[in-house]
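Here is a short set of exercises to work through with the model open beside you. Try each task before you read its solution.

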Amino acid sequence: MAFQSIRQFYVEIPPVTRFYTTACVLTTLVVHLDIVSPLQLYFNPTLILRKLQLWRLATTFLFFGSSVGITFFFNIVFTYRYCRMLEEGSFRGRSSDFVTMFLFGATLMIFFGMFVNLLFLGQAFTLMLVYVWSRRNPGVRMNFFGVMNFQAPYLPWVLLCCSMILGNTIWVDIIGMGVGHIYYFLEDVFPFQRNGYKFLKTPNFLKLLFNEHIDRNYQPLPEDRPGGFNWGGDEGQPPADNNNAEEGALNAEAARDPQQDHNQRDIPVAVVN
């Protein structure tokens, strides 16, 4: 019975989240069991280009530490949580677009990783997921260890401050937040500017792979766009409409279920780092 419950829980995880978190767990386990050495997994542009060790382009995002302890557990839970909330939220029914975000983010991080001495980019990748989720859910109220309350867009900055307090390198957070902001701008902001257009296009083979025959374009809410979150303002104060391009999305906003939207904004989320 317990095995069937675990199996049912695993099967119900969205496909992209299930694949990524499983790959992260398995990669860490094979290192913990001394089957593979971390030296075979870390990001090394020289070995990738000269010796064609192309697997390092993927394994750098899958390894979260050689010891299976409390730190690894929190990292995996944190990654799983926000990856799943994204895939079941703004990417619901659009797993192919979610994979496109993965590929776009990983490509940018690999490029930036060539200029910063970072061996593993898994935590930066998690910060990218957190950043995109936080910008697309600006009304969600969060709680940090029962001490501090804040709204979702501040979450990446809270994590950055935690890294500084703990003495960890902040380049991981900066790269993750930077790549997340680039994706957010290209996907949710620039297409709705005057003369803007959708820069990222999901390849057709990915849509066929996930059996997505209907083109479902994500329509970000007005508060998800420039000026949508009132940084430093009073909670509940409506943002100013500074962009005429946002008027075309008001009809899509009116079609949303207001009760569902209200419930989403009242969900407290605990943060663990």
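**Exercise 1. Find how many aromatic pairs there are, then work through two of them.**

Step 1. Start with the criterion: rings of Phe, Tyr and Trp (its six-membered ring) pair if their centres lie within 6.5 Å, and planes under 30 degrees apart count as stacked, over 60 as edge-to-face and the rest as tilted. Applying this gives 16 aromatic pairs.

Step 2. Take Phe-9 and Tyr-80: their ring centres are 6.4 Å apart and the planes make an angle of 55°, a tilted pair. Phe-9 belongs to helix α1 (residues 2–12) and Tyr-80 to helix α5 (residues 70–88), so this pair ties together parts that are 71 residues apart in sequence. Helices (H or I, at least four residues) and strands (E, at least two) are DSSP runs, numbered from the N terminus.

Step 3. Check accessibility, where buried means under 20% relative accessible area, exposed over 50%, and partly exposed in between (1.4 Å probe, protein chains only). Phe-9 is partly exposed at 45%, and Tyr-80 is partly exposed at 21%.

Step 4. Now the second pair: the ring centres of Tyr-20 and Phe-125 are 5.4 Å apart with planes at 50°, so this pair is tilted. Tyr-20 sits in helix α2 (residues 15–32) and Phe-125 in helix α7, so the pair ties together parts that are 105 residues apart in sequence. Tyr-20 is buried, with a relative accessible area of 6%, and Phe-125 is buried at 3%.

Step 5. Follow the ring pairs onward: they link Tyr-20, Phe-61, Phe-91, Phe-98, Phe-102 and Phe-125 into a cluster.

A note on the input: this is a predicted model, in which local features need pLDDT of at least 70 and side-chain atom pairs count only at pLDDT 80 or more, while totals for chains, interfaces and linings use all residues. Residues are numbered from 1 along each chain as its sequence is written, and side-chain values use heavy atoms, with hydrogens and water left out.

**Exercise 2. Compare the expected span of helix α7 with the distance between its end C-alpha atoms, and do likewise for helix α6.**

Step 1. The expected span of a helix is 1.5 Å times one less than its number of residues. For the 15 residues of α7 (residues 122–136) that gives 21 Å, and the end C-alpha atoms are 22 Å apart, which agrees.

Step 2. For the 19 residues of α6 (residues 95–113) the expected span is 27 Å, and the end C-alpha atoms lie 26 Å apart, again in agreement.

Step 3. Add burial: 14 of the 15 residues of α7 are buried, so this helix is largely enclosed by the rest of the structure. Helix α6 is mostly covered, with 15 of its 19 residues buried.

**Exercise 3. Describe strand β1 and its pairing with strand β2.**

Step 1. Look along β1 (residues 141–144): Met-142 and Phe-144 point to one face and are buried, whereas Arg-141 and Asn-143 point to the other face and are not.

Step 2. Two strands pair if DSSP finds at least two bridges between them. Here 4 bridges join β1 to β2 (residues 148–151), and the two run antiparallel.

Step 3. Identify partners in β2: Phe-144 is bridged to Met-148, and Arg-141 to Gln-151.

Step 4. Inspect the turn: the hairpin has 3 residues between the strands, and Phe-145 takes a positive phi near 55°.

**Exercise 4. Which residues does Thr-59 touch, not counting residues up to four places away in sequence?**

Step 1. Locate Thr-59 in helix α4 (residues 56–59). Thr-59 is buried, with a relative accessible area of 11%.

Step 2. Contact means heavy atoms within 4.5 Å. With that cut-off, Thr-59 touches Leu-41 and Phe-120.

Step 3. Look at the side chain: that of Thr-59 reaches the backbone oxygen of Leu-41 at 2.7 Å.

**Exercise 5. How many disulfides are there?**

Step 1. A disulfide is a pair of cysteine sulfur atoms within 2.5 Å. The count is 0 disulfides.

Step 2. Check Cys-24: the nearest cysteine sulfur, that of Cys-83, is 8.8 Å away, and Cys-24 is in no disulfide. Cys-24 is buried at 1% relative accessible area, and Cys-83 is buried at 0%.

Note on methods. Polar contact = N/O pair within 3.5 Å; in protein donor to acceptor, adjacent residues only side chain to side chain.
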